[in-house]
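Please read the following report with the structure open beside you. It takes up empty spaces in the protein and then some places where helices pack together.

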Amino acid sequence: MTHTSNELNDELWLLQSDEMLLLPGRIDTGRLGFALQLKFRQVNGRYPERQDKIAPHIVETLAQQVGVDATTLSTYDLDSRQSQRHRQIIRRFLGYQLSTGPDLARLREWLASDVLPFDSQARHGHELALEWFEAQRLEPPALGELDRAIRSTVHRFERHLLEAIHLRLSVTSKTAIDRLLAGAESDGEVDSGSAASTSAFTQLKADLGRASRDNLLLGIERRQIIEAIGLVSDVFKGVPAKFIDQFRQRSATESIRELRRHPAPIRYSMVAMLCWRRRQQLTDALVDMLLQLIHNIGTRAEKRIDKKQFAAFKKVRGKARLLYKVAEATVDQPEGVVKDVVYPVVSQKTLKELVAEFGALSTDFEREVQETMRSSYSHSYRSVLMLALDALAFRSNNTMHRPVIDALVVLQANRDSKKQYYEVDEVPIDGVVPKKWRHIVIDTAKDGSERVNRIDYEVCVLRALRKRVRIKEIWIDGADRYRDPEQDLPADFAEKRDTYYDMLNVPKDPQVFVEQVQATMRQWLKTFNDGLPNNLLVKLRTQGKNTIHLSPTPKQTEPPNTASLKREIGRRWSDVELIDIVKEVDLRLNFTSAFRTAASREALDQSVLQRRLLLCLFGMGTNVGLKRIASQQPSVTVDELRYVKRRYVNKEALRAAVAEVVNGTFAIRQTAIWGEATTSCASDSKQFGAYDQNLMTEWHARYGGRGIMIYWHVDKNSTCVYSQIKRCSSSEVAAMMEGVLRHCTDMEITQQYVDTHGQSEVAFAFSYILGFDLLPRFKAIARQKLAMVDADDVMEYANLEPILTRVIKWELIAQQYDEIIKYATALRLGTGDAEAILRRFTRADPAHPTYQAIAELGKAIKTIFLCRYLHEDALRREIHEGLNVVENWNSANNFIFYGERGEIATNRVEDQELAMLSLHLLQACLVYVNTLFIQDVLAEPVWRERMTVDDWRALSPLIYHHVNPYGRIELDMARRLLLAA
């Protein structure tokens with residue numbers, strides 16, 4: 001039985017004095033039934049339909065209040081006339097009316113206009129509909145009737161949009177789609193490496209692979225196929241992005257044969273949405289490849305020169321002594337022959353090594369790198385990169401970066417020209433060619449005039465292009481992640497400015513905002529300054545770079561009973577199968593209901609679907625694969641599991657299932673054991689090995705191999721609320737922000753613990769505006785500095801003088817305040833990806849005025865944090881404890897994700913993300929069941945009395961010594977854990 005958090009809150013089920021006045025004059029059964037319907041209606045917004053869906057402790061609580069035995073409820077019929085009369089009295093008491101047909105029509109209109117554009121499948125439609133009825137003071141219909149109304153509204157909404165797209169498509173586009181669907185296709189999954197034997201439509205759905213010249217050409221070819229369809233943005237005007245993604249997913253899971261069977265409005269619209277979205281994805285992939293190949297030209301040239309110099313360089317020791325010997329020999333015999341005079345003193349080999357050493361030291365490194373890059377580019381990369389530049393349309397909203405756009409025009413106009421040089425006034429130089437390379441790119445002709453080497457200039461243009469695309473000062477038409485940065489901002493910010501300011505809870509006057517920050521900054525500077533003389537753990541040095549000396553926090557006492565508690569759990573529940581844990585959680589929470597078919601209807605029986613979903617999720621979450629799972633299930637084939645995965649499993653459904661388990665964990669936690677609901681969360685990343693023939697996997701020296709990163713957000717009681725897949729080189733700050741703002745659980749995050757890589761001045765600024773406290777653990781704490789409010793702070797805070805730097809530029813913050821709030825609003829609303837928004841605010845573009853203002857604000861908030869961090873030992877300990885929790889979560893990954901030695905064995909980025917989310921789901925199920933195990937043991941007084949303060953502090957539900965994930969995988973839906981009985 002699934003219980004909501006409201007059902008576990010006994011205070012909500014207490015009868016008030018005015019409600020008790022409704023009970024006199026009724027028989028025992030009537031009093032209890034009336035009280036149950038009244039409170040159930042108040043708590044859940046509807047009346048109960050079946051008694052077996054009501055938690056027994058609720059019945060017991062109400063029975064005690066009305067003074068009857070709980071067993072009398074068994075004679076109360078919820079469908080009887082007595083029950084209906086009770087509902088009439090409850091309606092009059094609460095001031096509600098019965099809903100009618102026109103009311104349901106208004107509900108449908110509201111769903112179509114306010115809900116479905118943001119939730120096209122109405123995943124939360126039932127809850128939102130009940131809230132609508134509550135706001136209208138109407139009695140909702142029966143659950144079955146309400147569900148039918150929601151489903152019919154969704155169907156009409158989909159049909160309306162599909163027909164609208166179909167009518168907007170031109171005849172040419174429909175003909176091109178027919179040609180695209182004319183080929184044959186197998187029903188199996190398509191890999192990027194098997195393009196030769198598949199149709200063009202199948203190839204469109206496949207990933208491109210890693211950055212290479214061949215894959216870049218393949219991506220250009222696939223994009224040209226979509227371009228031939230002639231899709232324009234007006235075709236999808238007014239169509240929600242989530243609706244496009246939903247039907248893109250559906251179209252991608254169907255074969256050509258299945259797509260042909262659809263009616264014309266559905267067939268053409270589905271393929272059009274797939275191609276439109278795929279065009280954006282291919283454009284992003286082409287840009288990624290272009291930037292990577294440009295980067296490779298430089299890095300490979302530098303490595304080649306480094307290797308060459310290292311091979312030539314052999315240090316000759318004792319040069320002064322050798323010079324003395326040579327000088328002495330030549331002075332004594334000035335007319336002698338070198339081989340007769342010098343070589344007997346210093347060998348010819350030693351002199352050659354000496355010449356090579358000084359030759360290596362005197363080499364112009366930049367020139368050699370540039371020459372190597374020029375050779376590599378002209379002989380290998382140029383032809384394919386020029387095709388990429390032709391395929392992509394580069395734009396910029398900033399005139400400062402116009403020279404790069406103009407330089408690209410010159411390159412494309414002269415791509416087939418045979419000339420080796422440009423005139424200096426023929427091409428833009430400033431903003432394109434770095435000053436340190438100008439002596440290489442610009443040389444002097446025989447007549448004394450300056451000229452620009454064409455190939456060297458093209459290399460400089462490409463490197464300048466890469467730099468500006470990465471910070472989104474140059475964007476690409478038709479892309480998604482690299483789109484116009486103005487599209488990442490809320491389009492209605494000017495009209496709804498006051499609404500957005502109120503949403504962020506920040507003052508509308510920039511001066512008031514600045515004064516608030518200044519007041520907090522002064523408070524903590526004074527607190528730290530006054531407390532420093534008595535702070536035995538923090539000392540400031542006046543010399544050297546490491547000015548802050550922070551003594552380690554004293555070691556905490558080892559908890560005496562935690563190990564005994566784990567052994568007791570292992571004794572009571574020994575060798576619990578991991579798949580039984582996942583099954584038990586699903587039987588309690590029904591998280592598999594979040595998985596809906598991508599097709600138009602479901603044909604599988606729910607019990608069969610539930611079993612196959614659990615097997616699929618277990619195979620992906622443990623990385624053992626569907627084939628091994630199916631080999632141990634006599635009633636399931638691998639094709640059936642692949643079908644369920646293809647049609648039902650997607651990242652949105654997995655995130656919804658994870659949220660259901662996490663919220664269920666929050667609901668079952670006992671406050672006496674776990675404390676009040678926490679608002680603190682820690683985040684960190686872990687590298688997983690992965691196949692590298694894709695654009696997500698990267699090799700990184702810090703982690704010592706190729707792989708991807710999974711970024712976790714874990715609360716203080718070891719429950720992970722959000723996870724995401726990222727590149728090894730991508731920003732951890734953006735991942736941190738994404739998790740805080742996008743997690744779909746009931747947790748409200750007000751404190752976020754991170755390590756050094758998860759913080760920056762930009763992160764401090766946005767965290768302050770978005771209303772959560774960023775609490776990092778600095779690796780280089782000894783070199784941190786504090787900013788000042790005023791110039792007089794040096795005198796006022798004399799104890800802090802060694803680490804005080806400069807005054808914050810408050811006037812700059814005030815000038816850019818509205819822009820700062822606009823970007824913070826975009827992060828809050830999710831109008832753009834966090835990484836795409838934050839990419840604009842990096843040190844690569846220090847001239848951006850909004851970035852400068854955000855950096856100044858970040859310095860101020862960082863100063864406040866550093867004062868708190870250095871002043872309060874308790875805060876440092878709290879941050880360490882939080883990050884230890886996420887490190888413990890990382891350690892459990894290897895226990896569960898054991899297949900293929902923990903390496904993600906696929907090149908499909910979508911499958912990599914599904915594997916990550918399935919692992920998250922399995923680990924969340926483990927925490928859920930362990931929470932019940934621990935609470936069951938600690939419910940006994942003998943165990944509760946043994947627990948000390950240190951034991952409560954160290955208590956964690958993320959334990960797995962009693963769990964067996966290996967061996968034969970058998971799923972018996974009728975077998976329950978002993979706890980469930």
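## The second largest pocket

In this predicted model, the second largest pocket has a lining of 42 residues, and those that lie nearest its centre are Gln556, Glu881, Asn884, Arg953 and Ala954. Two or more residues of this lining come from each of helix 23 (562-572), helix 29 (671-674), helix 37 (873-896) and helix 40 (949-954). Of these contributors, helix 37 gives the most, with eight residues.

The space that lies in the second largest pocket amounts to about 1100 Å³. When the residues of its lining are sorted by class, 20 are nonpolar, 13 are polar and nine are charged.

## The cavities

Besides pockets, there are enclosed spaces to consider, and the count of cavities of 30 Å³ or more comes to four. The largest cavity has a volume of about 80 Å³.

Which residues line the largest cavity? They are Arg655, Val658, Ala659, Val721, Tyr722, Ser723, His743, Cys744, Thr745, Leu917 and His920. At least two residues of this lining are supplied by each of helix 28 (651-668), strand 14 (720-726) and helix 38 (909-938). By class, the lining of the largest cavity holds six nonpolar residues, four polar residues and one charged residue.

## Helix 2 and helix 3

Helix 2 (residues 28-44) packs against helix 3 (residues 56-66) at an angle of about 120°, and their axes are 10 Å apart. Because of this angle, helix 2 counts as oblique to helix 3. The crossing of helix 2 and helix 3 is right-handed.

On the side of helix 2, the residues that take part are Arg31, Leu32, Ala35, Leu36 and Lys39, and they meet Ile58, Val59, Leu62, Ala63 and Val66 in helix 3. The contact of helix 2 with helix 3 has eight nonpolar residues and two charged residues, while no polar residue belongs to it.

## Helix 18 and helix 20

The packing of helix 18 (residues 402-413) and helix 20 (residues 454-470) has an angle of about 140°, with the two axes 10 Å apart. How, then, are helix 18 and helix 20 placed with respect to each other? They are oblique to each other, because angles over 145 degrees would be needed for roughly antiparallel. The crossing of helix 18 and helix 20 is left-handed.

Helix 18 makes the contact through Val404, Ala407, Leu408 and Leu411, whereas helix 20 makes it through Tyr457, Glu458, Val461, Ala464, Leu465 and Arg468. In the contact of helix 18 with helix 20 there are eight nonpolar and two charged residues, and no polar ones.

## Helix 30 and helix 31

The axes of helix 30 (residues 732-742) and helix 31 (residues 761-770) cross at roughly 10° and come within 11 Å. Because angles under 35 degrees count as roughly parallel, helix 30 is roughly parallel to helix 31.

Four residues need to be looked for in each helix: Val733, Met736, Met737 and Leu741 in helix 30 meet Ala763, Phe766, Ser767 and Leu770 in helix 31. Sorted by class, the contact of helix 30 with helix 31 has seven nonpolar residues and one polar residue, and no charged residues.

Terms used. Residues numbered from 1 in each chain as written. Predicted model: local features only at pLDDT ≥ 70, side-chain atom pairs only at ≥ 80, totals over all residues. Heavy atoms only, no water. 1 Å grid on protein atoms, 1.4 Å probe; cavity = no way out; pocket = protein on both sides within 12 Å on 5 of 7 lines; lining within 4 Å. Points joined across faces, edges and corners; volume = space filled by probe spheres on them. Nonpolar A, V, L, I, M, F, W, Y, C, P; charged D, E, K, R; others polar. Axes fitted to C-alpha atoms, helices over the stretch in contact; angles between N-to-C directions. Parallel < 35°, antiparallel > 145°, perpendicular 65-115°, else oblique. Left-handed = near helix turned anticlockwise from the far one by under 90°. Contact = heavy atoms within 4.5 Å.
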